[in-house]
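Open the structure in your viewer and set it to a cartoon view. Each stop below says what to select and what is there.

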Amino acid sequence: MHPVTDVLRARAAGRTDEHRVALVLEGGGMRGVVSAGMTAALERLGMGGAFDLVVGASAGALNGAAFLAGVAAGSAAAYHGSLATREFVNPARLLLGRPAIDVSWVLRHASDGLDADRHARTLASPVPLHCLTVDVDTAEPVDLVGMRTVDELWGALLASSRMPWVGGPPIELGGRRYLDGGLAAPIPVATALGAGATHVLVLQTRPVGVPRSSGSALADRLIVRHLRSLNPQLVGLYHGRVASYEQVVQDIARRSEEPSPPYVLGLRPPAGTPAVKQLERRPDVLRTAAVQAEELVVAALS
């Protein structure tokens, strides 16, 4: 038993408290299917209203928006359905100077599991959505929250998920330029704690024992060149991302094993689970990852 588990079960049973409970979601491109499957489990367990704030970066922000809209199950299914297509993921577009991942297509997309009105429901939710992004000019993480219109919501989600080079140029909002929040805060626990969370459930997408790593040497060079052209400070952020990520992962593990206020519980695929690639497009791989992630959370919280 863990204090975070206790509070979530109590809230799902209808009991009230004075805690401030946060849901934090890791992304990682198509690896976001893992946190999407996990939110589908929360939805199935009746914990859709058990949180006071939702915090996500990159695909984690997209999954958080779907969770608040009540379409977490549809979002998880979309990863191995409509998202596993060339319309969304197509590395060949890079050869034409176009982004390999088109998040705007996802936001426009509607299906049985992801209706067009879901964005309005995200905005109508009493639970605020925090979208982590990185300011290009300061190379600092920025928490986008308080979106009031669908356009503002889409802007925040696009900014949070705008992967450097692979995703296209930065997103401009209010005269500022933004890039993927995963560059600085892939697992934004600090944002949740800074917002006053007393209990934090963290949905992690990398299996135990799988560290964050660079892609190919060529991709690294192209991304670094892209970031240097925007702001040389971003290069240092990019080079330090692996070390900073591992530090956060270790802190989550320590807090999970040795509970003390504010309480943090991390859930992630166990060791030996295949890690989903950032640009994965095989439906069977994505479907398996979603099912396993859902089963993991059901087992941990039911």
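Select β1 (21-25) and β7 (199-203). The two strands run parallel and are joined by five bridges. To find one place where they meet, show Leu-25, which stands opposite Leu-203 in β7. Keep in mind throughout that this is a predicted model.

Keep β7 and add β8 (263-267). These strands also run parallel, with five bridges between β7 and β8. Show His-199, whose bridge partner in β8 is Tyr-263.

Now show the side chains of β7. Are they buried or exposed? On one side His-199, Leu-201 and Leu-203 are buried, and on the other Val-200 and Val-202 are buried, so both faces of the strand are covered. Five of the five residues of β7 are buried, which means that the strand is largely enclosed by the rest of the structure.

**The helices α2 and α3**

Select α2, residues 33-44. This helix has twelve residues and reaches 16 Å from its first C-alpha to its last, close to the 16 Å expected at 1.5 Å a residue. Ten of the twelve residues are buried, so α2 is mostly covered. Among the buried ones are Val-33, Met-38, Thr-39 and Leu-42. What do the buried residues of α2 pack against? Their partners are β1, α3, α4 (72-79), β7, β8 and α12 (283-301). Move on to Gly-46, which follows α2 and has a positive phi, near 75°.

Next select α3, residues 59-69. Eleven of its eleven residues are buried, including Asn-63, Phe-67 and Leu-68. Just after the helix, Gly-70 takes a positive phi of about 80°.

**The nonpolar cores**

Select Leu-8, Leu-23, Leu-42, Phe-51, Phe-88, Leu-157 and Leu-201 together, and show them as spheres. These residues belong to the largest nonpolar core, which has 68 residues, and they touch the most other members. The largest share of this core, eight residues, comes from helix α3.

Centre the view on Leu-8. Leaving aside its neighbours within four places in sequence, which residues is Leu-8 in contact with? They are Val-21, Met-47, Ala-50, Phe-51, Leu-201 and Leu-301. For a second, separate core, select Leu-132, Val-200, Tyr-245 and Ile-252, which are among its 17 residues.

**Rings and charges**

Select Phe-51 and Phe-67. The structure holds one aromatic pair, and these two residues form it: their ring centres are 6.0 Å apart and their planes are at 70°, so the pair is edge-to-face. Phe-51 lies in the loop between α2 and β2 (53-57), while Phe-67 is in helix α3, so the pair ties together parts that are 16 residues apart in sequence. Both Phe-51 and Phe-67 are buried.

Two arginines come next. Show Arg-206 with Tyr-245: the charged end of Arg-206 sits over the ring of Tyr-245, 4.8 Å from its centre. Then show Arg-241 with Tyr-238, where the charged end of Arg-241 sits over the ring, 3.7 Å from its centre.

**The antiparallel strands**

Select β3 (residues 129-135) and β6 (residues 176-180), which run antiparallel and are joined by three bridges. Add β4 (residues 140-144), which pairs with β3 in the antiparallel sense over five bridges. Show Val-134 in this view. Which residue is the bridge partner of Val-134 in β6? In β6 the partner is Leu-179, and in β4 the partner is Pro-141. Follow the chain from β3 to β4: the two strands form a hairpin with four residues between them, and Ala-139 in the turn has a positive phi of about 60°.

Add β5 (residues 171-173), which pairs with β6 over three bridges in the antiparallel sense. One bridge is between Leu-173 and Arg-176 in β6. The hairpin of β5 and β6 has two residues between the strands, and Gly-174 takes a positive phi near 55° there.

**Last stop: Ala-156**

Select Ala-156 in helix α7 (residues 150-160). At 2% relative accessibility, Ala-156 counts as buried, because the cut-off for buried is under 20%. Beyond its neighbours within four places in sequence, Ala-156 is in contact with Cys-131, Leu-144, Met-147 and Leu-173. Finish by showing Gly-182: Ala-156 and Gly-182 are 26 residues apart in sequence and 14 Å apart in space, C-alpha to C-alpha.

Methods:
Residues are numbered from 1 along each chain as its sequence is written. Side-chain values use heavy atoms; hydrogens and water are left out. A nonpolar core is a set of buried Ala, Val, Leu, Ile, Met, Phe, Trp, Tyr and Cys residues joined through side-chain atoms within 4.5 Å. Buried means under 20% relative accessible area, exposed over 50%, partly exposed in between (1.4 Å probe, protein chains only). Contact means heavy atoms within 4.5 Å. Rings of Phe, Tyr and Trp (its six-membered ring) pair if their centres lie within 6.5 Å; planes under 30 degrees apart count as stacked, over 60 as edge-to-face and the rest as tilted. A charge sits over a ring if NZ of Lys or CZ of Arg is within 6 Å of the ring centre and within 35 degrees of the ring normal. Two strands pair if DSSP finds at least two bridges between them. The expected span of a helix is 1.5 Å times one less than its number of residues.
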